[in-house]
Amino acid sequence: MVQRADSHDDVYDRQIRLWGADAQKRMSNARVLYVRLTGVTCEIMKNLVLAGVAAAVCDDRPYPEAVREMPCSFFRAGDMEAAAGGASGEGAEPDAKKAKTAPKTVAAAIQPKVEELNPLLAGRNSIEERSLASLPDDYFAQFDAVVASRLTVDEAKRISSCLQKVEEGNKLFIVTDTFGLDGCAQLDFGKGHTYRREVGKDKLSDLQKVEPYLPLEQMLGAELAGATGRWDKQPPRILAVHRLLMEYWGRSDKPTDFAAFAQEWLATNKLPADALDLASLAGIARHPEVSPVCAVLGGMLGNEVIKALTGKGEPANNVMLFDGMDGGCRSFLLKGKE
């Protein structure tokens with residue numbers, strides 16, 4: 001007896017009840033690009049693929065070296081050891097065959113894992129194994145959202161600039177990382193993004209735009225020393241750490257003395273020398289990710305992507321700061337030059 005495959009509406013029934021059929025249709029037609037996978041972006045991808053949003057993974061880093069410490073259920077330790085040549089004994093593949101079949105990049109390694117999550121997306125998920133630098137500027141415009149980790153400031157500015165050129169101007173771009181018990185996300189919903197705010201049960205406001213709006217390219221160019229607000233008389237510590245680590249991780253010739261590098265960075269950005277705990281940050285910079293932090297922040301950011309795709313709900317404008325010490329996550333508005 002052949003079992004009937006679950007239909008689209010059967011699988012997404014609870015989501016349709018929650019968001020509505022139109023919102024689910026938008027999600028099912030959308031594609032999100034993930035640039036360089038980390039624990040937090042894998043959590044976002046898992047949540048969205050299960051919700052029916054197709055994924056494209058751009059990650060040419062070598063597998064398994066690049067993800068050996070990633071807290072992610074996609075990559076099991078045994079799989080990584082086998083890929084690294086650790087499998088042996090009876091039944092093990094010959095070395096020549098194993099070399100041909102083993103995935104060479106993170107994108108290739110995760111592809112079958114993503115396909116397993118949601119069979120309804122078969123044929124819609126994809127991978128990109130070219131380097132980020134070699135991709136043409138118009139490559140990013142084909143996606144409804146771009147979620148990235150471990151970018152340099154220059155790489156993030158380039159993607160932001162490319163998305164700003166899209167005529168509709170409504171492409172979501174998120175740059176996020178976690179480090180120790182903290183995490184940060186910088187979000188750009190696009191100058192043309194509109195949304196309806198929830199004003200009561202089953203009630204939505206008229207169309208609104210994200211205001212004030214600042215492209216991520218300009219956010220990354222803003223002076224950190226001036227990043228203050230009503231509740232922040234000093235630049236938020238978590239935002240400063242994220243920017244520092246983006247600069248550090250992006251260095252091909254990483255300094256052996258992290259503290260000296262960080263002190264120079266603080267001086268360049270006109271921040272107090274004692275603004276950050278550099279002693280603890282040195283270890284975090286080398287081994288940054290903690291699984292529960294990735295899971296919590298990844299869940300929140302997955303919700304922000306759904307807001308962007310459906311146009312329902314007020315988006316976080318334009319920085320999210322997660323503090324694992326108290327479990328709180330708040331938004332911070334990074335302003336441009338006035």
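Helices (H or I, at least four residues) and strands (E, at least two) are DSSP runs here, numbered from the N terminus. With that in hand, open the model and follow along. It is a predicted one: local features need pLDDT of at least 70, side-chain atom pairs count only at pLDDT 80 or more, and totals for chains, interfaces and linings use all residues. Residues are numbered from 1 along each chain as its sequence is written, and side-chain values use heavy atoms, with hydrogens and water left out.

**Stop 1: two unusual peptide bonds**

Select Asn-318, in the loop between helix H13 (291–310) and strand S11 (319–323). The peptide bond that leads into it from Asn-317 is cis, with omega near 0°. Now jump to Pro-64, which sits in the loop between strand S2 (54–58) and helix H5 (77–83). Here the bond from Tyr-63 to Pro-64 is cis, with omega near 10°.

**Stop 2: strand S6 and its partners**

Next, colour strand S6 (residues 182–188): seven of its seven residues are buried (under 20% relative accessible area with a 1.4 Å probe, protein chains only; exposed is over 50%, partly exposed in between). Turn the strand to see both covered faces, with Asp-182, Cys-184, Gln-186 and Asp-188 on one side and Gly-183, Ala-185 and Leu-187 on the other.

Add strand S5 (residues 172–179), which runs antiparallel to S6 and is joined to it by seven bridges; two strands pair if DSSP finds at least two bridges between them. Phe-179 stands opposite Asp-182. The two strands form a hairpin with two residues between them, and Gly-180 in the turn has a positive phi of about 65°. Then show S11, also antiparallel to S6, with five bridges; look for Ala-185 opposite Met-320.

**Stop 3: positive phi outside glycine**

Which is buried and which is exposed, Arg-36 or Lys-270? Arg-36 lies in the loop between strand S1 (31–35) and helix H4 (39–50), and has a positive phi of about 60° although it is not a glycine. At 15% relative accessibility, Arg-36 counts as buried. Lys-270, in the loop between helix H11 (258–268) and H12, also has a positive phi of about 60° without being a glycine. Lys-270 is exposed, with a relative accessible area of 61%.

**Stop 4: the nonpolar cores**

A nonpolar core is a set of buried Ala, Val, Leu, Ile, Met, Phe, Trp, Tyr and Cys residues joined through side-chain atoms within 4.5 Å. The largest has 51 residues, and those with the most contacts inside it are Leu-33, Phe-140, Leu-151, Phe-173 and Phe-258. Helix H10 (residues 237–249) gives the largest share of this core, nine residues. A second, separate core of 49 residues includes Val-32, Met-45, Leu-187 and Val-305.

Centre on Phe-258: leaving aside residues up to four places away in sequence, it touches (heavy atoms within 4.5 Å) Leu-244, Leu-245, Tyr-248, Leu-278, Leu-281, Ala-282 and Ala-285.

**Stop 5: the lining of the largest pocket**

Finally, select Arg-61, Ala-66, Arg-150, Trp-249 and Pro-288, which lie nearest the centre of the largest pocket among its 25 lining residues. A pocket is an open set of points on a 1 Å grid over the protein atoms alone, where a 1.4 Å probe fits, with protein on both sides within 12 Å along at least five of seven lines; lining residues have an atom within 4 Å of a point. H10 and helix H12 (278–286) are the elements that give two or more residues to this lining.
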